[in-house]
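User: Please look over the model shown here with me, and let us take its strands, charged pairs and backbone in turn.

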Amino acid sequence: MKPPVPLGSYAPSDVTFLLKDLRGAQLEMPTEDREEAIQSGVHYSEMLPKEYEPSEQYLQLYRKTLDDSAPLVAEGIAAVAELIVRKRGLSCVLVSLARAGTPVGVLIKRYIEQRYGVSLPHYSISIIRGKGIDENALIYILQKHGLEASIQFVDGWTGKGAIRRTLIEACRQFEDKYGVRLSDDLAVLADPGRCSETFGTREDYLIPSACLNATVSGLMSRTVLKPGLIGPDDYHGSKFYEHWRSIDESNRFVERIAAHFEVIAQTAAGCADKNKQESPEATWQGLADIQAVQQAFGIEDINLIKPGVGETCRVLLRRVPWKILVDRVDNPHLAPILLLAEERGVPVEPFPGLAFSCCGIIKPLKGESA
């Protein structure tokens with residue numbers, strides 16, 4: 001495979017993006033048009049949402065949220081990083097799933113380097129629900145690090161578990177096709193959906209990187225797999241929004257959280273030891289809870305229901321939201337959700353017994369329920 005081109009606003013030592021640069025392609029669509037296309041059968045990976053440009057009020061709230069939650073996020077990052085070290089040692093290759101996984105992967109790499117003095121290789125590659133993982137990117141990694149390389153996949157959080165299921169199937173197909181077995185273990189900062197065995201926490205709290213899009217993800221768009229743009233020998237694509245460097249929050253996000261690593265290292269090590277000893281299983285409880293929401297509102301397509309704080313932020317930032325369900329309206333993790341909902345005129349309703357802090361429901365385009 002051909003070597004990657006430099007992309008993104010992170011330092012090259014933090015991450016290598018194995019993505020095709022599509023910055024010249026016209027892929028963005030107005031939110032409503034894109035939503036109509038998706039619900040009419042066009043795959044979401046063939047177009048991009050128009051990136052949300054935060055209001056000054058929202059940006060101030062994001063920065064306050066980052067400052068307030070940085071110690072909690074740092075503890076989760078450290079806990080999952082320590083668990084990765086216990087499971088895989090200090091010779092694994094970190095492979096973040098673009099794009100929510102990339103900031104988390106950068107922080108895990110930073111923590112391990114600070115704590116253990118080892119700089120792990122870290123790549124960001126594409127995985128797309130309904131399409132699979134970028135096999136060309138995996139081939140490049142194996143060519144670079146050997147067929148026996150221990151790859152640790154990384155993502156930001158879990159909801160229904162769609163990406164974890166996509167990863168499991170992708171690893172099975174990769175072994176069938178190439179004879180190379182990859183671990184489908186997915187390390188995440190937060191696992192409220194209970195879809196992973198390697199996580200920092202299972203609490204559904206606000207991860208500040210979910211509050212923004214490209215400007216907290218190295219200025220990279222979500223990934224693209226569109227016929228005519230991506231050939232058989234290409235990596236999946238992404239747009240590098242380099243012209244937004246003046247409003248980029250990506251490195252500030254990393255630095256604010258990494259500043260707490262030294263203080264919480266011992267606590268995180270204890271959490272990782274306990275986690276490894278107890279070996280918590282993936283129960284996929286998040287999917288069961290969302291099926292209850294699906295039944296309550298008569299929604300045929302479960303993909304219109306996005307559980308958890310991170311996914312709800314995404315609904316409000318780049319989809320057409322119908323309503324937001326919350327476990328309780330005074331949940332302290334929900335301030336950015338409530339502000340975004342207010343800005344967009346989206347109703348917020350309590351849903352007693354919700355396992356997640358909140359849940360975003362995308363507006364079905366065939367009436368009040370799909």
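User: How many bridges join strand β8 to β9?

Analyst: The model is a predicted one, in which local features need pLDDT of at least 70, side-chain atom pairs count only at pLDDT 80 or more, and totals for chains, interfaces and linings use all residues. Residues are numbered from 1 along each chain as its sequence is written, and side-chain values use heavy atoms, with hydrogens and water left out. Strands here are DSSP runs of E with at least two residues, helices are runs of H or I with at least four residues, both numbered from the N terminus, and two strands pair if DSSP finds at least two bridges between them. Strand β8 (residues 151–157) runs parallel to β9, and the number of bridges joining them is four.

User: Which residue of β9 stands opposite Trp 157, and is β9 enclosed or open?

Analyst: Buried means under 20% relative accessible area, exposed over 50%, and partly exposed in between, with a 1.4 Å probe and protein chains only. By that criterion five of the five residues of strand β9 (residues 186–190) are buried, so the strand is largely enclosed by the rest of the structure. The residue of β9 that stands opposite Trp 157 is Ala 190.

User: In what order do the four strands of the open sheet lie?

Analyst: The pairing in this open sheet is mixed. Its edge strands, each pairing on one side only, are β12 (305–307) and β14 (348–350), and neighbouring strands are turned by 25° against each other on average, direction ignored. The order of the four strands is β12-β15-β13-β14.

User: Which helix packs on that sheet, and what angle does its direction make with that of β15?

Analyst: Strand β15 (residues 358–362) pairs with β12 in the antiparallel sense over three bridges, and within this pair Lys 306 stands opposite Gly 360. Contact means heavy atoms within 4.5 Å, while axes are lines fitted to C-alpha atoms, for helices over the stretch in contact, with angles running from 0 to 180 degrees between N-to-C directions. The helix touches β12, β13 (321–326) and β15; it is α9 (residues 309–318), and the angle with β15 is about 30°.

User: How far apart in sequence are the parts that Lys 20 and Asp 234 tie together?

Analyst: A salt bridge is a side-chain nitrogen of Lys or Arg within 4 Å of a carboxyl oxygen of Asp or Glu, and the closest N and O atoms of Lys 20 and Asp 234 are 3.0 Å apart. Lys 20 lies in strand β2 (residues 20–21) and Asp 234 in the loop between β10 (198–201) and β11 (237–238), so the pair ties together parts that are 214 residues apart in sequence. Lys 20 is partly exposed at a relative accessible area of 28%, whereas Asp 234 counts as buried, at 13%. The separation asked for is thus 214 residues.

User: Which residues are linked in a network of salt bridges?

Analyst: One pair to consider is Arg 23 and Asp 21, whose side chains meet in a salt bridge at 2.7 Å, N to O. Arg 23 is partly exposed, with a relative accessible area of 38%, and Asp 21 is partly exposed as well, at 27%. The network links Asp 21, Arg 23, Glu 242 and Arg 245.

User: Is Glu 249 buried or exposed?

Analyst: Glu 249 forms a salt bridge with Arg 252, the closest N and O atoms being 3.5 Å apart. Arg 252 is partly exposed, with a relative accessible area of 26%. Glu 249, at 2% relative accessibility, counts as buried.

User: Which residues does the cis peptide bond with omega of about 5° join?

Analyst: Most residues other than glycine have a negative phi, and most peptide bonds are trans. Arg 99, one partner in this cis bond, is found in the loop between β5 (93–98) and α3 (101–116). The bond joins Ala 98 and Arg 99.

User: What is the phi of Trp 284?

Analyst: Trp 284 has its place in the loop between α7 (261–278) and α8 (285–297), and it is partly exposed, with a relative accessible area of 24%. Its phi is positive, in a residue other than glycine, and lies near 60°.
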